[in-house]
Amino acid sequence: MVAPYTEPVALPEPRLVDPARVPSLRWGILGPGWIADQFASTVRANTNQRIVAVASRTPGRAQAFASAHAIPLALASYEELVAREDIDAVYIANLPSGHHDAAMLAIDAGKHVLVEKPLTHVITEAEDVFAHARERGILAMEAMWSRYLPQFDVVRQLLEAGAIGEPRLVLADFCQDNRLLARMWLPGDGSPLWDMGIYPIALCQMVFGEPAGVNAHGIMLENGMDAESTTHLIYGGGARATITVSGVVDVPQHASIAGETGVIEFGLPFFVPSSVGLARKGFNAPMDYWFDESGIRGHAGLAYQVTAFADYVGRGLLESPLHTHADSLACLRTASEISRQLGIAAT
Ligand SMILES: NC(=O)c1ccc[n+]([C@@H]2O[C@H](COP(=O)([O-])OP(=O)(O)OC[C@H]3O[C@@H](n4cnc5c(N)ncnc54)[C@H](OP(=O)(O)O)[C@@H]3O)[C@@H](O)[C@H]2O)c1
């Protein structure tokens, strides 16, 4: 029997790493496009990390990026950047089909690597990157940045404390009209499932681990890309998740975790700094909230991930405890199975 709701509940405060107390790494950026621009802005504003070089294979791009972000060095080759002695860590922000080669270059040169999501569409490439980094004693981390946001720590604490009892159902979606975003529709690099759906998949992985069953259906485009899809994920013990992804319509990105005794509701969008609601079971049950009042909004939230990365380097970790190599691989396997069922073109 579920206890009736009586008093408001104070949600826990997030356990944040102080950016001033982690090593101030010297970073290089490979593939300075849209996300690298967000990264560089928040690194300057919200961390004690230093970006010392940027490299682009597109003529002129590294120089323009370096000027915009006051980065001392702009290079025309990835090889040149990773070879530099004055760089500790490399942020790999090109498209997924280029992540493996860029990561291997950086690891060969002894640099820690933060690789944009999805790490790749090819699981053996991810295995390769993680194994190579491990052999070399290097931190390799897929940039699943939502994991490091304050609201995710609030949710982790609620789950650990049993605030909703045993989690039974996750509902999550990422639907955004990205029809004009060219890279979204490139086989092997884009696909709403691989690019956007990886967030709901990663949330489900955090709550339940890897699914035992996957059942996907969707609307496909002529070029073999997925326009929209809904997937049911089934876990041992009967827990389940439903995730919906669309690259053609906008829906506020929602996520909730329902348990035996209550429900956790992320604020919108669930994977950028927002809020957390907690309610007991029951029709129209009142919800108590934790709100992110840090002032860090939108993609400035990438700062938490960068600080966590530097903390892990300082502690000699080879993988993120919040999104392990096994988690990354499991998410990629889930995406791969959905992709197979939908018939998404690989290249
Ligand atoms: N964390 C997030 O919230 C978030 C948001 C958006 C994207 N992402 C991820 O970040 C990565 C980059 O996305 P983005 O939007 O920043 O990409 P982008 O601006 O389109 O391009 C980034 C870099 O990728 C390379 N590139 C772009 N188009 C290419 C092509 N047609 N062929 C070969 N290389 C190409 C270029 O590298 P060079 O400069 O070396 O030529 C470019 O600078 C993707 O993995 C994406 O999923 C993450």
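**Strands, domains and exposure in a predicted model**

Visitor: How do you know that β7 and strand β10 (residues 240–246) are paired?

Guide: Seven bridges join β7 to strand β10 (residues 240–246). Two strands pair if DSSP finds at least two bridges between them, so β7 and β10 count as paired. The two run parallel, and Leu169 has Arg240 in β10 as its bridge partner. Helices (H or I, at least four residues) and strands (E, at least two) are DSSP runs, numbered from the N terminus. The model is predicted: local features need pLDDT of at least 70 and side-chain atom pairs count only at pLDDT 80 or more, while totals for chains, interfaces and linings use all residues. Residues are numbered from 1 along each chain as its sequence is written.

Visitor: What makes β8 (213–220) and β14 edge strands?

Guide: The open sheet has eight strands in the order β8-β9-β10-β7-β11-β12-β13-β14, with mixed pairing. β8 and β14 each have a single partner strand, so one side of each is left without a neighbour in the sheet. From one strand to the next, the twist averages 10°.

Visitor: Which helices pack on the sheet, and at what angles?

Guide: α7 touches β7, β9 (226–234), β10 and β11 (255–259), and its direction makes about 160° with that of β7. Helix α9 (residues 325–342) touches β8 and β9, and makes about 50° with the direction of β8. Axes are lines fitted to C-alpha atoms, for helices over the stretch in contact, and angles run from 0 to 180 degrees between N-to-C directions.

Visitor: Why is Ser191 called buried and Asn284 exposed?

Guide: A residue is buried if 20 or more other C-beta atoms, placed from the backbone, lie within 10 Å of its own, exposed if 12 or fewer, and partly exposed in between. Ser191 has 30, so Ser191 is buried. Asn284 has 6, so Asn284 is exposed. Gln63, in helix α2 (residues 61–69), has 15 and therefore counts as partly exposed.

Visitor: What makes the phi of Ser191 and the phi of Asn284 worth listing?

Guide: Most residues other than glycine have a negative phi, and most peptide bonds are trans. Ser191 has a positive phi of about 90°, in the loop between β7 (167–175) and α7 (192–208). Asn284 has a positive phi of about 60°, in the loop between β13 and β14 (287–291). As for peptide bonds, Lys117 to Pro118 is cis with omega near -20°, and Leu268 to Pro269 is cis with omega near -15°.

Visitor: How do you know where domain 1 ends and domain 2 starts, and which residues are in contact?

Guide: The bounds, from an automatic or database domain assignment, are 19–146 for domain 1 and 148–296 + 321–342 for domain 2. Residues are in contact if their C-beta atoms, placed from the backbone, lie within 7 Å; 16 residues of domain 1 meet this with 20 of domain 2. On the domain 1 side, α5 (123–136) gives the most, with four residues.

Visitor: What makes a residue part of the shell around the ligand, and how many are there?

Guide: A residue is near a molecule if its C-beta atom, placed from the backbone, lies within 6 Å of it. 22 residues surround the ligand, and the closest are Gly31, Gly33, Ser56, Thr58 and Asn94. α1 (34–46) supplies the largest share of this shell, three residues.

Definitions and conventions
Two residues are in contact if their C-beta atoms, placed from the backbone, lie within 7 Å.
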